[in-house]
Amino acid sequence: MKAMLHPWTGAEVRSLRNARRMSLRDFAAHLGVGVRLVSKWESGGADIKPRAVNQAALDTSLQRLDPDEELRFVEAVDPAVLGEVAPEADVVVQPDQVRHPVDGTWMSWIPGSVYLSGPQSTPTWVEGFFLDVYPVTNADYSRFVAATDHRPPQHWESSTPPTAIADHPVVWVSHDDATSYARWAHKQLPSAGQWEKAARGTSGGTWPWGSQPTPAKGNFRGVGPGATTPVDRYKSGVSPFGISDMCGNCWEWTSSPTTPGRYELKGSAFTSPFDRCRPEQFNDAGHTMLDDDTGFRCATVDLKA
């Protein structure tokens, strides 16, 4: 288990940057902040604490150190501030988030409005709807399997998922599987437009977190562990509506058909290079397609069971 800090100060920020052997400019880009801000943290040393959203980004960066980098970091910091604890797993509930009465997942309200869609930022109206805050996890899907005797995903050892991936997005699910889950939960798969609006906000952000290209804010090829990760890990990468994992980790099925039998996929995955992970980008697949990087989340217009 990797070391974690609660909270970070400017002193540990400097140690992390040195452990990664990054310049101020490269480290700032890695975190998605300005060079002056990193310089301010480091100048302030132990007397300055970055804001919560930046604490989360630093946590994510620390978790991605390779063994040599982690050793350099541990040797550089004061042992009194270093702990062997897991990342905080508490769900941060926003005022407009509620639990769905059937499957118990957290959902966020996306109000009806125009948003800027696609690569041309075309103004598009989408009615209000609720969207799952996280992709459907293996634990969520196991309740569906138990209730309906639906076929479990091929990477499970039995009818229940391995404990180690219970909070990871369920993968190896086809569009048919995802639709069956949504019907059981009294929901539906989001349309591509609903999904993109929830990811980019109303002003057409390049990424869920804004315009800064910051690979540390998601699980992408070359910067992540090469597999799925817990759905709540990247807390600094949430969308303007508080939705997590809208870039990276796993592709997500939508209800939008492209040609007969094919449906649009959104979001990119741990197998995707970062420069091809923008929320407006297009992908689709046949409805029976199964892969280790493809899952889903659900939407609804009301919360009736």
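The following dialogue reads a few features of a predicted model, from its sheet to a buried aspartate.

Trainee: Where should I begin with the sheet, and in what order do its strands lie?

Mentor: Begin with the order and the sense of pairing: the four strands form an open sheet in the order β8-β7-β6-β9, and the pairing is mixed. The edge strands are β8 and β9 (294-295), each of which pairs on one side only.

Trainee: Which strands run antiparallel, and how many bridges join them?

Mentor: Strand β6 (residues 251-257) and strand β7 (residues 262-266) run antiparallel and are joined by three bridges, with P257 having Y263 as its bridge partner in β7. Strand β7 also pairs in the antiparallel sense with strand β8 (residues 284-286), again over three bridges, and there R262 stands opposite G286.

Trainee: What connects β6 to β7?

Mentor: The two strands form a hairpin with four residues between them, and in the turn G261 has a positive phi of about 85 degrees.

Trainee: Which pair is parallel?

Mentor: That is β6 with β9, which pair in the parallel sense over two bridges; the bridge partner of W251 in β9 is T294. As for what packs on the sheet, helix α8 (residues 192-200) lies across β6 and β7 and runs at about 0 degrees to β7.

Trainee: How do I read the two sides of a helix, taking α3 as the case, and which of its residues are buried?

Mentor: The general idea is that an α-helix has 3.6 residues a turn, so residues three or four places apart point the same way. In helix α3 (residues 35-44), the buried residues are V38, W41 and E42. These residues cover an arc of only 95 degrees around the axis, which puts them on the same side of α3. On the other side of the helix, R36, K40 and S43 are exposed. After α3 comes G45, whose phi is positive, near 60 degrees.

Trainee: Which residues of α7 are buried, and what covers them?

Mentor: In α7 (175-184), the buried residues are H175, D177, A178, T179, Y181 and A182, and what covers them includes α6, β6 and β7. At the start of this helix, a side-chain oxygen of S174 reaches to within 3.3 Å of the backbone nitrogen of D176, while the residue that follows the helix, H186, has a positive phi near 60 degrees.

Trainee: In the largest nonpolar core, which residues touch the most other members?

Mentor: Of its 19 residues, those are V136, Y141, V170, Y181, W253 and F296. The elements that give two or more residues to this core are α6 (138-148), α7 and β6. A second, separate core has 17 residues, including V13, A19, F27 and V38; V38 is also one of the buried residues of α3.

Trainee: Finally, is D132 buried or exposed, and which side chain does it join in a polar contact?

Mentor: D132 lies in strand β5 (residues 129-132). Its relative accessibility is 1%, and because buried means under 20%, D132 counts as buried. A polar contact of 2.8 Å joins its side chain to that of K187. Leaving aside neighbours within four places in sequence, D132 is in contact with T105, W106, M107, K187, I243, R297 and C298, so that K187 appears both in this list and in the polar contact.

Key. Residues numbered from 1 in each chain as written. Predicted model: local features only at pLDDT ≥ 70, side-chain atom pairs only at ≥ 80, totals over all residues. Heavy atoms only, no water. Pairing = 2+ DSSP bridges. Core = buried A, V, L, I, M, F, W, Y, C linked by side-chain atoms within 4.5 Å. Buried < 20%, exposed > 50% of the residue type's maximum accessible area, 1.4 Å probe, protein only. Contact = heavy atoms within 4.5 Å. Axes fitted to C-alpha atoms, helices over the stretch in contact; angles between N-to-C directions. Arc of directions from axis to C-beta. Polar contact = N/O pair within 3.5 Å; in protein donor to acceptor, adjacent residues only side chain to side chain.
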